[in-house]
Amino acid sequence: MLESLSPVAAGTLGSLAAGLMTAVGALPLLFLKTPSRQMESILLGFAAGVMLAASFFSLIIPGVGVLEDHGASRAMAAGVMAAAVLLGAAAIGVLNRFAPVDMLAIGPAGSRDLARRIWLFVFAITLHNFPEGAAVGFAFGGGDMGQGLSTALGIGIQNMPEGLAVAAAMGTLGYGRWTAFAAALASGLVEPVGGVVGSGLVALSPSLLPWGLGLSAGAMIYVVTAEIIPQTRAEARDERSMIGLMIGLVGMMFLDIALG
């Protein structure tokens with residue numbers, strides 16, 4: 001089905017699907033028992049592995065191939081991709097500096113500014129979802145559906161615990177379950193906006209494709225190394241989160257190589 005769509009339409013739908021995973025992550029707050037910290041760590045580890053594999057096998061390596069196909073030497077292609085990866089990581093780093101997603105943990109739970117910190121946390125999660133959606137859009141923008149699907153999968157899995165975190169934070173402020181669920185859903189709907197921008201830019205100027213792929217890879221690598229892995233290592237009492245990471249990494253690597 002996706003093969004029959006234009007890259008912009010595919011990027012929009014792919015980023016929308018990834019964004020809706022925030023709502024899927026918030027579902028336990030409505031109907032099921034909230035997953036334990038250990039289970040969250042395992043899922044986050046799995047998402048980290050998927051994102052790392054997708055960064056290299058679905059974004060960086062294909063980006064080098066695109067540049068070589070357009071006449072760049074291997075060294076030049078590697079240099080361009082290295083610069084794009086660094087720019088992508090720097091962009092998320094700057095964003096994280098001014099709107100860190102872990103600010104909810106600052107200060108005692110009963111402090112007077114708890115409501116302010118929770119709203120800042122929800123805002124930060126929402127803001128981070130835009131470049132993640134753009135990453136999916138860039139991946140679909142070149143017309144490679146496998147490339148786009150692997151990126152959307154990695155970001156979508158990572159969005160699930162974020163959705164649960166947003167819903168739980170809103171519940172802390174006294175909002176009802178459905179309102180908290182709606183807030184998690186709304187935070188994820190920023191992603192298709194980024195998806196339209198990313199895929200649209202590549203459609204307007206195909207020469208931007210390798211830069212977009214590199215930027216997306218850098219953003220994903222930064223999120224994994226600066227946010228997901230430290231969080232899973234801090235919360236896990238054993239190595240299960242790292243087992244989840246390796247399963248996600250090897251599984252995505254196998255799919256990319258076998259089906260790519």
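**Figure 1. Packing of helices α1 and α6.** In this predicted model, helices α1 and α6 pack with their axes 7 Å apart and at an angle of about 160 degrees. Because angles over 145 degrees count as roughly antiparallel, that angle makes α1 roughly antiparallel to α6, and the crossing of the two helices is right-handed. On the side of α1, the residues that take part in the contact are Gly19, Leu20, Thr22, Ala23 and Ala26, and they meet Phe181, Ala184, Leu185, Ser187 and Gly188 in α6. Sorted by class, the residues of this contact comprise six nonpolar and four polar ones, with no charged residues.

**Figure 2. Surroundings of Ser187 in helix α6.** Ser187 has its place in helix α6, which covers residues 177–188, and it belongs to the residues of α6 that are met by α1. With a relative accessible area of 2%, Ser187 is buried, since the cut-off for a buried residue is under 20%. When residues up to four places away in sequence are not counted, Ser187 touches Thr22, Ile125, Thr126, Asn129 and Val166. One of these partners, Thr22, is itself listed among the buried residues of α1.

**Figure 3. Packing of helices α1 and α7.** Helix α1, made up of residues 7–26, packs against helix α7, made up of residues 191–204, at an angle of about 155 degrees and with the axes 8 Å apart. That angle makes α1 roughly antiparallel to α7, and α1 passes α7 in a right-handed crossing. From α1, the residues Pro7, Val8, Gly11, Thr12, Ser15, Leu16, Ala18 and Gly19 meet Glu191, Pro192, Gly195, Val196, Ser199, Gly200 and Ala203 in α7. The residues of this contact divide into seven nonpolar, seven polar and one charged.

**Figure 4. Surroundings of Ser15 in helix α1.** Ser15 lies in helix α1 and, because its relative accessibility is 0%, it counts as buried. Leaving aside its neighbours within four places in sequence, Ser15 is in contact with Gly133, Val136, Glu191, Pro192 and Gly195. Among these partners, Glu191, Pro192 and Gly195 are residues of α7 that are met by α1, and these three are also included in the buried residues of α7.

**Figure 5. Length and burial of helices α1 and α7.** For the 20 residues of α1, a rise of 1.5 Å a residue gives an expected span of 28 Å, and its end C-alpha atoms are 29 Å apart, which agrees. The buried residues of α1 are Ala10, Gly11, Gly14, Ser15, Ala18, Gly19, Thr22, Ala23, Gly25 and Ala26. An α-helix has 3.6 residues a turn, so residues three or four places apart point the same way. For the 14 residues of α7, the same rise of 1.5 Å a residue leads to an expected 20 Å, and the end C-alpha atoms of α7 are 20 Å apart, which agrees. Buried in α7 are Glu191, Pro192, Gly194, Gly195, Gly198, Ser199, Gly200 and Val202.

**Figure 6. The chain around these views.** The chain has nine helices and zero strands, so that, read along the sequence, its pattern is α-α-α-α-α-α-α-α-α. Of its 260 residues, 48% count as buried. Among the contacts in the chain with a separation of 6 or more, 82% are between residues 24 or more positions apart.

Technical notes
Residues are numbered from 1 along each chain as its sequence is written. This is a predicted model: local features need pLDDT of at least 70, side-chain atom pairs count only at pLDDT 80 or more; totals for chains, interfaces and linings use all residues. Side-chain values use heavy atoms; hydrogens and water are left out. Axes are lines fitted to C-alpha atoms, for helices over the stretch in contact, and angles run from 0 to 180 degrees between N-to-C directions. Helices (H or I, at least four residues) and strands (E, at least two) are DSSP runs, numbered from the N terminus. Angles under 35 degrees count as roughly parallel, over 145 as roughly antiparallel, 65 to 115 as roughly perpendicular and the rest as oblique. A crossing is left-handed if the near helix is turned anticlockwise from the far one by less than a right angle, and right-handed if clockwise. Contact means heavy atoms within 4.5 Å. Ala, Val, Leu, Ile, Met, Phe, Trp, Tyr, Cys and Pro count as nonpolar, Asp, Glu, Lys and Arg as charged, and the others, Gly among them, as polar. The expected span of a helix is 1.5 Å times one less than its number of residues. Buried means under 20% relative accessible area, exposed over 50%, partly exposed in between (1.4 Å probe, protein chains only).
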